[in-house]
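Here is a short tour for anyone meeting this protein for the first time. Keep the picture open while you read, and look up each residue as it comes along.

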Amino acid sequence: MRMKKKLIAILAALCLTAACAAFFAACGEGETVKTEYPYYTLTLNESGDGLILDVPYASKLPSGAISVPAASYYYIGNDGVYKEHDSAMIVTEIAEDAFKGIGTLTSVMLPSQVKTIGSGAFADCKALETVTLSDNVIAVPDNAFDGCTALKEVIGGTISSVGKYAFASCLTLRKLSFGFGENMSVGDRAFFYTNSISSLDMTKATSVGASAFEGWISSQKIVTGSTAGWSDEWRNGCHATLA
């Protein structure tokens, strides 16, 4: 009898372990899993070499920190059907407005194969604090983090383009832990009221849009090189110290 109880306990523990593993795989810990996600949709891109991730079922998304899946067997293919395929495809793109307005996210990590983030992808995520981009992401698009008022740090590789309102109203953003590429472009109001950044090196920027730093105060510093290609209105509403 005692041996039977022990055997039952072992089997129960094994089942629990398997269930937990399946759950975390479904949550997308940057792995390739053979499952259908309850909150993501994955669609084959036009070139057929990667998947576009969207979040149509935001209410089902786990709260807190998430890692976007690196690849999936389950996606919408050329036939327009969402089904399991024989071969996994990598996730290369985050759709426009994919995570927009999801108030339960605190941290997001993108897999290394992601190259493109759609405009507004993380806009108005009020609890989002940290984002780790793929090193392959070279552009932060329009409105990407617009209204992420709790955002503190964005980590990445080398960024060559920052779109309009990309970091607008990121009131607590302190660290941009990525490099700026040569001939970088910065859109209108890209850093609108990002008042927690102490200093920003813009010496590689060849194009800066109107009111790019509107709302900056005198205790903040912008390091500039040549401003020949910058908008005549780039300093509108900006009181930062120039160096």
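## Strands around β11

Let's begin with strand β9, residues 130-132, which runs parallel to strand β11, residues 153-162, and is joined to β11 by three bridges. One place to spot this pairing is V131, whose bridge partner in β11 is V154. Bear in mind as you look that this is a predicted model.

Strand β10 (residues 139-140) also pairs with β11 in the parallel sense, this time over two bridges. Here A139 has S161 of β11 as its bridge partner. Then comes strand β12, residues 175-186, which pairs with β11 over seven bridges, again in the parallel sense. V154 turns up once more here, standing opposite L176 in β12. While you trace these strands, a handy rule is that side chains in a regular strand alternate between the two faces of the sheet.

## The chain as a whole

Stepping back, how many helices and strands does the protein chain have? The count is one helix and 16 strands. The chain has 243 residues, and 44% of them count as buried.

If you look at contacts with a separation of 6 or more, 34% of them are between residues 24 or more positions apart. As for the outside, the accessible surface of the protein chain comes to about 11,900 Å², and carbon and sulfur atoms hold 53% of it.

## A small sheet further along

Now for another sheet: β13, β15 and β16 form an open one, in the order β13-β15-β16, with parallel pairing. Its edge strands are β13 and β16 (241-242), each of which pairs on one side only. Between β13 and β15 there are three bridges, and the two strands run parallel. To find one of these spots, look for S199, whose bridge partner in β15 is K221.

## Rings in company

The structure holds 13 aromatic pairs. Take Y74 and Y82: their ring centres are 5.4 Å apart and their planes sit at 90 degrees, so this pair is edge-to-face. Y74 is buried, with a relative accessible area of 18%, while Y82 has 23% and is partly exposed. The cut-off for buried is under 20%, so Y74 at 18% falls within it.

F192 and Y193 make another edge-to-face pair, with 4.7 Å from centre to centre and 75 degrees between the planes. Y193 is partly exposed, at a relative accessible area of 36%. There is also a cluster linked by ring pairs, made up of F99, F122, F145, F167, F191, F213, W216, W230 and W234. And a ring can have a charge for company: K60 lies over the face of Y57, 5.5 Å from the ring centre.

## Cysteines

Which cysteine sulfur is nearest to that of C148? First, some background: a disulfide is a covalent bond between the sulfur atoms of two cysteines. This structure holds zero disulfides. C148 is in no disulfide, and the nearest cysteine sulfur is that of C125, 5.1 Å away. A disulfide needs its sulfur atoms within 2.5 Å, so the 5.1 Å between C148 and C125 is too far.

C148 is buried, with a relative accessible area of 0%. C238 is buried as well, with a relative accessible area of 7%.

## Some loop residues to look up

Two residues here have a positive phi without being a glycine. One is S169, with a phi of about 60 degrees. You'll find S169 in the loop between β11 and β12, where it counts as partly exposed at 23% relative accessibility. The other is R189, with a phi of about 55 degrees. R189 lies in the loop between β12 and β13 (199-201) and is partly exposed, with a relative accessible area of 27%.

Is S211 buried or exposed? S211 counts as buried, at 4% relative accessibility. Its place is in the loop between β14 (205-208) and β15 (221-223). Leaving aside residues up to four places away in sequence, S211 touches R189, E233, W234 and N236. Two of these names have come up before: R189 is the loop residue with the positive phi, and W234 belongs to the ring cluster.

Notes
Residues are numbered from 1 along each chain as its sequence is written. This is a predicted model: local features need pLDDT of at least 70, side-chain atom pairs count only at pLDDT 80 or more; totals for chains, interfaces and linings use all residues. Side-chain values use heavy atoms; hydrogens and water are left out. Two strands pair if DSSP finds at least two bridges between them. Helices (H or I, at least four residues) and strands (E, at least two) are DSSP runs, numbered from the N terminus. Buried means under 20% relative accessible area, exposed over 50%, partly exposed in between (1.4 Å probe, protein chains only). Contact means heavy atoms within 4.5 Å. Accessible areas come from the Shrake-Rupley method with a 1.4 Å probe; for residues, only the protein chains shown count as cover. Rings of Phe, Tyr and Trp (its six-membered ring) pair if their centres lie within 6.5 Å; planes under 30 degrees apart count as stacked, over 60 as edge-to-face and the rest as tilted. A charge sits over a ring if NZ of Lys or CZ of Arg is within 6 Å of the ring centre and within 35 degrees of the ring normal.
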